[in-house]
Amino acid sequence: MNRIIVGAHYGLRDWLAQRVTALVMIAYTVMFLVVWPRPMSYASWKALFAQDWMRFATLLLVVSALLHAWIGMRNVWMDYVHHTGMRLTLEIATILWLVGCGGWALQILWRV
Amino acid sequence: MPDLTAKKKRPLWYNLSPLNLPVPGLVSIFHRISGVLLFLGLVAFLYLLDLSLASQSGYAQAGEVLRTPIAKLLVIASIWALLHHMCAGIRHLFLDIDVGTSLHAARRSAFAVFVVSLALTVSIGVRLW
């Protein structure tokens with residue numbers, strides 16, 4: 001039988017993205033446990049985030065977290081919300097929420 | 001002649017089997033639950049990062065917020081969610097490269113996810129409290 005497999009073709013891409021972003025977040029966690037200031041104070045906390053490499057690393061963390069959260073939340077909506085209009089609304093709300101969080105994170109990091 | 005198309009009132013059968021999931025299944029559903037919790041907690045994390053980096057008084061205020069019992073409970077819940085999600089995720093990455101895919105190994109690693117994430121949550125939680 002000659003079956004043509006159809007689909008949106010984003011399965012492998014999202015599967016890979018979920019794993020790559022997870023690895024980035026694991027790496028950041030390990031790095032953070034090494035560099036977080038002891039003893040903690042405002043000065044040492046601020047000095048940590050004022051470094052360019054830390055800003056860059058945290059930006060990578062934020063972008064990874066947003067992408068990871070989008071793929072995960074989209075899968076949750078697809079599994080449980082079967083009304084198309086409702087699901088689309090929730091998906092759009094999720095995207096807007098995550099993009100908003102990303103903008104906020106940028107502002108926090110580059111204001112330090 | 002009886003009406004064959006008439007719908008008979010059938011008893012409902014509620015499928016309660018998810019309540020009796022094997023350990024890898026429990027890891028899986030808690031992976032999802034913890035993921036949704038982390039999505040919801042993202043905004044609180046950004047709020048605290050913003051506050052703590054804004055100014056000396058903001059840093060003190062963030063510390064103040066974190067010292068309330070409600071915040072401590074939420075922080076401990078978030079730490080559990082993060083640890084469970086991360087441990088289950090790492091287990092997933094190993095399964096992806098075909099490590100530990102036998103039934104026995106998969107059950108043991110699923111059990112380990114619960115043991116490690118709960119033990120770390122308790123040890124961090126006790127110190128935070």
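**Figure 1. Asp98(B) follows helix α3(B) with a positive phi, near 70°.** This is a predicted model: local features need pLDDT of at least 70, side-chain atom pairs count only at pLDDT 80 or more, and totals for chains, interfaces and linings use all residues. Residues are numbered from 1 along each chain as its sequence is written, and chains are lettered from A and ligands numbered from 1 in the order in which they are written. Helices (H or I, at least four residues) and strands (E, at least two) are DSSP runs, numbered from the N terminus. α3(B) has 28 residues. From first C-alpha to last, α3(B) reaches 40 Å, close to the 40 Å expected at 1.5 Å a residue. The expected span is 1.5 Å times one less than the number of residues.

**Figure 2. The buried residues of α3(B) pack against helices of both chains.** A residue is buried if 20 or more other C-beta atoms lie within 10 Å of its own, exposed if 12 or fewer, and partly exposed in between, with C-beta atoms placed from the backbone. Trp80(B), Ala81(B) and Leu82(B) are buried in α3(B). So are His84(B), His85(B), Met86(B), Cys87(B), Ala88(B), Gly89(B) and Arg91(B). The partners of these buried residues are α1 of chain A, together with α1 and α4 of chain B. An α-helix has 3.6 residues a turn, so residues three or four places apart point the same way.

**Figure 3. The largest nonpolar core draws on chains A and B.** A nonpolar core is a set of buried Ala, Val, Leu, Ile, Met, Phe, Trp, Tyr and Cys residues joined through C-beta atoms within 7 Å. This one has 23 residues. Ala69(A), Val27(B), Leu38(B), Phe39(B) and Val113(B) touch the most other members. In chain A, α3 (52-80) and α4 (84-111) each supply at least two core residues. In chain B, α1 (23-54), α3 (69-96) and α4 (103-128) each do likewise. α1(B) gives the most to this core, with seven residues. Which residues does Ala69(A) touch, not counting residues up to four places away in sequence? Ala69(A) touches Leu98(A), Phe39(B) and Leu42(B).

**Figure 4. The side of chain A that touches chain B has 13 nonpolar residues.** Two residues are in contact if their C-beta atoms, placed from the backbone, lie within 7 Å. By that rule, 16 residues of chain A are in contact with 17 residues of chain B. On the chain A side, α1 (11-35), α2 (42-50), α3 and α4 each give two or more residues. This side also has one polar and two charged residues. Ala, Val, Leu, Ile, Met, Phe, Trp, Tyr, Cys and Pro count as nonpolar, Asp, Glu, Lys and Arg as charged, and the others, Gly among them, as polar. The predictor gives the complex an ipTM of 0.90 and a pTM of 0.87.

**Figure 5. Arg19(A) touches Leu93(B) and Asp96(B), leaving aside its neighbours within four places in sequence.** Arg19(A) lies in helix α1 of chain A. Is Arg19(A) buried or partly exposed? Arg19(A) is partly exposed, because 15 other C-beta atoms lie within 10 Å. Trp110(A) is 91 residues from Arg19(A) in sequence and 28 Å away in space, C-alpha to C-alpha.

**Figure 6. Ile5(A) sits in the segment before α1 of chain A.** Ile5(A) counts as exposed because it has 5 C-beta neighbours inside 10 Å. Ile5(A) and Val24(A) are 19 residues apart in sequence. Their C-alpha atoms are 33 Å apart in space.

**Figure 7. Chain A has four helices and zero strands.** Its pattern along the sequence is α-α-α-α. Chain A has a radius of gyration of 19 Å, well over the 13 Å that the globule rule gives for 112 residues, so it is more spread out than a compact globule. The radius is taken over C-alpha atoms, and the rule is 2.2 Å times the number of residues to the power 0.38. Along its principal axes the C-alpha trace of chain A spans about 65 × 30 × 20 Å. Buried residues make up 11% of chain A.

**Figure 8. Chain B has four helices and zero strands.** Chain B has a radius of gyration of 22 Å, whereas a compact globule of 129 residues would have one near 14 Å. Its C-alpha atoms fill a box of roughly 85 × 40 × 25 Å along the principal axes. Buried residues make up 19% of chain B. Among its contacts between residues at least 6 apart in sequence, 72% join residues at least 24 apart. Chain B averages a pLDDT (the predictor's confidence in each residue, from 0 to 100) of 92, and 97% of the residues score at least 70.
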